[in-house]
Amino acid sequence: QGQLVESGGGLVQAGGSLRLSCADSGSGISFNRMGWYREAPGKQRELVASITGAGSTTYADSVKGRFRISRDNAKKTISLQMNSLKPEDTAVYYCARWASAIISGGHPVSWGQGTQVTISS
């Protein structure tokens with residue numbers, strides 16, 4: 001129910017790693033689906049990864065095997081570990097929260113302000 005605040009963005013060389021984190025400022029434990037979207041110049045915002053309160057995950061084909069999403073329900077945080085980064089991963093990354101524990105479908109109802117991730121070649 002609270003605000004979403006991202007951290008961990010920055011500038012990384014291709015092949016490097018970066019870890020993004022998102023904290024929910026609301027009170028109480030949440031089991032709602034949460035995830036990460038990204039928006040690159042000239043492209044529409046796309047879902048990168050999501051995770052349910054029970055730990056079920058989804059990934060975009062472009063990041064499978066390189067990114068890993070996780071969550072801590074007690075701390076109300078989610079993280080995105082990004083490895084083997086490529087220049088095409090450059091984008092603004094947004095933390096998002098759905099209104100329920102739905103595994104697929106629907107749309108997020110809460111968004112973070114976004115954090116810039118830039119990968120140099």
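Let me begin with a hairpin, the one that strand 7 and strand 8 form with 4 residues between them, where Lys76 in the turn has a positive phi of about 60 degrees. Before going further I should say that this is a predicted model, and what follows should be heard with that in mind. The two strands of the hairpin pair in the antiparallel sense over 6 bridges, and one pairing to look for on the screen is that of Ser70, whose bridge partner in strand 8 is Ser79.

Staying with strand 7, the side chains alternate along its length, so that Phe67, Ile69 and Arg71 point to one face and are buried, while Arg68, Ser70 and Asp72 point to the other and are not. In a regular strand, that alternation between the two faces of the sheet is the general pattern. Asp72, which lies in strand 7, is partly exposed, with a relative accessible area of 28%, and its C-alpha atom is separated by 9.8 Å from that of Ser30, a residue 42 places away along the chain.

Now to strand 11, where the side chains alternate as well: Thr115, Val117 and Ile119 point to one face and are buried, whereas Gln116, Thr118 and Ser120 point to the other face and are not. Strand 11 has pairings with two strands that I want to mention. With strand 2, residues 10-13, the pairing is in the parallel sense over 4 bridges, and there Gly10 stands opposite Val117. With strand 9 the pairing is antiparallel, over 3 bridges, and in this case Tyr93 stands opposite Thr115.

Tyr93 brings me to the interior. Which residues have the most contacts inside the largest nonpolar core? That core has 24 residues, and the ones with the most contacts inside it are Leu20, Trp36, Phe67, Leu80, Met82 and Tyr93. At least two residues of the core come from each of strand 3 (18-24), strand 4 (34-39), strand 5 (46-51), strand 7 (67-72), strand 8 (77-82), strand 9 and strand 11 (115-120). In soluble globular proteins, nonpolar side chains tend to be buried together. To take one member of the core as an example, Leu80, once its neighbours within four places in sequence are left aside, is in contact with a list of residues that includes Leu20, Trp36, Val48, Phe67, Ile69 and Tyr93.

Turning to the aromatic residues, a search of the whole structure finds 3 aromatic pairs. One of them is formed by Tyr94 and Trp111, an edge-to-face arrangement with 6.5 Å from centre to centre and 85 degrees between the planes. Because Tyr94 lies in strand 9 (residues 91-97) and Trp111 in strand 10 (residues 110-111), this pair ties together parts that are 17 residues apart in sequence. Tyr94 is buried, at a relative accessible area of 14%, whereas Trp111, at 34%, counts as partly exposed. Ring pairs link Tyr37, Tyr94, Trp98 and Trp111 into a cluster, and two members of that cluster also have an arginine over the ring. The charged end of Arg33 sits over Trp98, 4.2 Å from the ring centre, and Arg45 lies over the face of Trp111, at 4.7 Å from the ring centre.

Arg45 leads on to the salt bridges, of which the count comes to 6. The side chains of Arg45 and Glu39 meet in one of these, at 3.0 Å from N to O, and here Glu39 is partly exposed with a relative accessible area of 32%, while Arg45 is partly exposed with 30%.

Are the two partners buried or exposed in the salt bridge between Asp24 and Arg97? Both are buried, and their closest N and O atoms are 2.6 Å apart. Since Asp24 lies in strand 3 and Arg97 in strand 9, the pair ties together parts that are 73 residues apart in sequence.

The last pair is Arg66 and Asp89, a salt bridge in which the closest N and O atoms are 2.8 Å apart. This pair links distant parts of the chain, with Arg66 in the loop between strand 6 (57-59) and strand 7, and Asp89 in the loop between strand 8 and strand 9, 23 residues apart. Both Arg66 and Asp89 are buried, and together with Arg38 and Glu46 they are linked in a network of salt bridges.

Technical notes
Residues are numbered from 1 along each chain as its sequence is written. This is a predicted model: local features need pLDDT of at least 70, side-chain atom pairs count only at pLDDT 80 or more; totals for chains, interfaces and linings use all residues. Side-chain values use heavy atoms; hydrogens and water are left out. Rings of Phe, Tyr and Trp (its six-membered ring) pair if their centres lie within 6.5 Å; planes under 30 degrees apart count as stacked, over 60 as edge-to-face and the rest as tilted. Buried means under 20% relative accessible area, exposed over 50%, partly exposed in between (1.4 Å probe, protein chains only). A charge sits over a ring if NZ of Lys or CZ of Arg is within 6 Å of the ring centre and within 35 degrees of the ring normal. A nonpolar core is a set of buried Ala, Val, Leu, Ile, Met, Phe, Trp, Tyr and Cys residues joined through side-chain atoms within 4.5 Å. Contact means heavy atoms within 4.5 Å. A salt bridge is a side-chain nitrogen of Lys or Arg within 4 Å of a carboxyl oxygen of Asp or Glu. Two strands pair if DSSP finds at least two bridges between them.
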